[in-house]
Amino acid sequence: MPTHPGAVPTTGAAYEGAAGLHAYRKASAETCAISALDDPRSFHAQCRVHHLGSSVLMDVRSSSLRYLRSARHVARGAYDHYQVTFNLSGQIHYRSGRQSTVVRPDDIIVLDSARETDAYAHAPDQGSAHALTLFVPRAALAPLRRAPGGGHLLLLERDEVLAQSARDHLSQVLGTIERNAQPQMQAAAQGLSVALKDNAPVL
């Protein structure tokens, strides 16, 4: 999924067809390279961005896409965030270095945006890939230790206690967004960060 909220120019923006894919790729070019996994004419994407103090929540629904964040993207970017992605629909195949993992619906993945990643978001039949991604400044989650073997992808499967707790915190975040309660939005996002920082295994 998108590797930084700067990849989306306008919250609520909708993109369709080959022309929409071109615009979406252009908007994302500084942070990642996007390519369609299906016929570009059937491409669609809709993005919403919510600013939660120092964190940003991005809501993306799309057709099947590949998001490649290369060493070149990392080197020229100034982003220093962890990316916490709640997968709601479809499957996301992530690869970073020698590590790879599959993120299924209701799974959560935490990754370091300062690392190269290659993600394939596969939409379900007759539907869209849908994920909510929280971009959290490194200081809010550090220190998360590196995983054994040097991996940078932390998968929290849907049945894990921490994943369930994180989803509860996310529900609180979404509730504050719906009420447009800005101070509570920031507090809820901080609560989610604290829950991950205090309880997450190594990253």
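An open sheet of 7 strands runs through this predicted model. Reading across the sheet, the strand order is β1-β3-β4-β11-β6-β9-β12, and the pairing is antiparallel. At the edges sit β1 (14-16) and β12 (153-156), each of which pairs on one side only. As you step from one strand to the next, the twist averages 20 degrees. As a reminder, strands of a sheet pair through backbone hydrogen bonds, either parallel or antiparallel.

For a closer look at one pairing, find strand β6 (residues 81-89) and strand β11 (residues 129-137). These two run antiparallel and are joined by 8 bridges. A handy place to start is V84, whose bridge partner in β11 is L134.

Now add the helices. Helix α1 (residues 17-28) packs on the sheet, where it touches β1, β3 (44-52) and β4 (55-62). The direction of α1 makes about 130 degrees with that of β1. Helix α4 (residues 161-179) packs on the sheet too, touching β3, β4, β6, β9 (108-112), β11 and β12. Its direction makes about 95 degrees with that of β4.

Finally, let's visit two loops. Most residues other than glycine have a negative phi, but D106 has a positive one, near 75 degrees. You will find D106 in the loop between β8 (99-103) and β9. With a relative accessible area of 27%, D106 is partly exposed. Q126 also has a positive phi, near 60 degrees, and lies in the loop between β10 (117-122) and β11. Its relative accessibility is 85%, so Q126 counts as exposed.

Key: Residues are numbered from 1 along each chain as its sequence is written. This is a predicted model: local features need pLDDT of at least 70, side-chain atom pairs count only at pLDDT 80 or more; totals for chains, interfaces and linings use all residues. Side-chain values use heavy atoms; hydrogens and water are left out. Two strands pair if DSSP finds at least two bridges between them. Helices (H or I, at least four residues) and strands (E, at least two) are DSSP runs, numbered from the N terminus. Axes are lines fitted to C-alpha atoms, for helices over the stretch in contact, and angles run from 0 to 180 degrees between N-to-C directions. Contact means heavy atoms within 4.5 Å. Buried means under 20% relative accessible area, exposed over 50%, partly exposed in between (1.4 Å probe, protein chains only).
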